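User: I am new to this structure and would like to be walked through it with questions and careful answers. Could we begin once the sequence and the model are on view?

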Amino acid sequence: MNFLWGSMILTGILYGAFHGTMQEIGDAVLASSKEAVALCITMTGVMALWTGLMKIAEESGMVAGLTQKLAPFVRFMFPNIPENHPAREHISMNIIANVLGLGWAATPAGLKAMESLAELEEERRQANVGARMQGAEAKHQTFEEKLGIERQKRYPGGQSAGQTGRKSGRPRYIPHIKAMPGGVASNEMCTFLILNISSLQLIPVNVIAYRAQYGSVNPTAIVGPGIAATAVSTGVAVVFCKMMDKRKRRA
């Protein structure tokens, strides 16, 4: 992005130099800088207001209540995340903030959700390594050990026909969810990112603030079309994520 924006700025300056419009470019730079500062001040106020309201909602227990109501949807979209894993709470808070149009308040929860999902994926990788080691050990069992396990299955009481049923002493191999290699996003990470990008918004605070800053007669007129557009995008995102999840399970 730095290269792209730098190239665009440099191209504009060179174009103005060759066509003798450097004065207009200078005026545009100064006017745009002033406008950018004014926009930042406006958006900072909006951000402080809504982030504060989000914090009040969190302290009052409103966010916790909404998180519990959102639990079935999170369970549906992320069935492989353990029930009490912190990622569930962070994902729920991010979705709630996005639905309310609080993009700034959603960002910290989104970052924490990604960190929790990364930790979960690392735990899966370690579990897969342990499972492979157990499987390798099981292949090197002696004939007597295998015979002892078979006798234990047939005669769970212990001894039979003067023979001793010997336990192997090794934990049973339990299959785990296949983890992605290090540096590769997990299925949950991709699903969360898609939901975050296409999130339903009831009150597009950012767009309303921008429209008000640039003199819109009715800044809130965007609410209806915004709800319709984001509802469609969220629906498509859910269908796409479940289709890809189903394809991955078949593979």
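User: Is Ala 231 buried, partly exposed or exposed?

Analyst: This is a predicted model, and in it Ala 231 is found in helix α9. Buried would require under 20% relative accessible area and exposed over 50%. Because the relative accessibility of Ala 231 is 38%, between those two cut-offs, the residue counts as partly exposed.

User: How far apart are the C-alpha atoms of Ala 231 and Leu 200?

Analyst: Along the chain, Ala 231 and Leu 200 are 31 residues apart. In space, the separation between their C-alpha atoms is 5.3 Å.

User: Which kinds of element does the protein contain, and how many of each?

Analyst: Read from the N terminus on, the elements run α-α-α-α-α-α-α-α-α. The count for the protein is therefore zero strands and, as helices under the DSSP-run criterion, nine.

User: What share of the residues is buried, and what share of the exposed area do carbon and sulfur atoms supply?

Analyst: Of the 251 residues in the protein, 27% are buried. The protein exposes about 16800 Å², and the part of this area that carbon and sulfur atoms supply is 65%.

User: Which residues have the most contacts inside the largest nonpolar core?

Analyst: In soluble globular proteins, nonpolar side chains tend to be buried together. Here the largest nonpolar core has 32 residues, and those with the most contacts inside it are Met 54, Phe 78, Ile 81 and Ile 91. Several helices contribute at least two residues each to this core, among them α2 (22–60), α5 (103–139) and α9 (223–250). Ile 81 also shows how contacts reach along the chain, since, leaving out residues up to four places away in sequence, it touches Ala 87, Arg 88, Ile 91, Leu 117, Leu 120, Arg 124 and Glu 188.

User: Are α3 and α4 roughly parallel or roughly perpendicular?

Analyst: The two helices pack with their axes 9 Å apart and at an angle of about 105°. Angles of 65 to 115 degrees fall in one class, which means that α3 is roughly perpendicular to α4.

User: How many nonpolar residues are in the contact of α3 with α4?

Analyst: Among the residues making this contact are Val 63, Leu 66 and Phe 73 of α3, together with Arg 88, Met 93 and Ile 96 of α4. By class, the contact has two charged and two polar residues, while the number of nonpolar residues is eight.

User: Is Leu 66 buried or partly exposed, and how far is its C-alpha from that of Met 93?

Analyst: Leu 66 has its place in helix α3, and because its relative accessibility is 34%, the residue counts as partly exposed. Leu 66 and Met 93 are 27 residues apart in sequence, and from C-alpha to C-alpha the distance is 8.6 Å.

User: Which residues is Asn 94 in contact with, leaving aside its neighbours within four places in sequence?

Analyst: Asn 94 sits in helix α4 and is buried, because its relative accessible area is 2%. Its C-alpha lies 8.1 Å from that of Pro 108, 14 residues apart in sequence. With those sequence neighbours left aside, the contacts of Asn 94 are Ala 106, Ala 109, Gly 110, Phe 192 and Asn 196.

User: Is Thr 191 buried or exposed?

Analyst: Thr 191, in helix α7, is in contact with Met 77, Phe 78 and Cys 241, leaving aside neighbours within four places in sequence. Its relative accessibility is 6%, so Thr 191 counts as buried.

Notes. Residues numbered from 1 in each chain as written. Predicted model: local features only at pLDDT ≥ 70, side-chain atom pairs only at ≥ 80, totals over all residues. Heavy atoms only, no water. Core = buried A, V, L, I, M, F, W, Y, C linked by side-chain atoms within 4.5 Å. Buried < 20%, exposed > 50% of the residue type's maximum accessible area, 1.4 Å probe, protein only. Helix = DSSP H or I, 4+ residues; strand = E, 2+ residues; numbered from the N terminus. Contact = heavy atoms within 4.5 Å. Areas by Shrake-Rupley, 256 points an atom, 1.4 Å probe, with all protein chains shown as cover. Axes fitted to C-alpha atoms, helices over the stretch in contact; angles between N-to-C directions. Parallel < 35°, antiparallel > 145°, perpendicular 65-115°, else oblique. Nonpolar A, V, L, I, M, F, W, Y, C, P; charged D, E, K, R; others polar.
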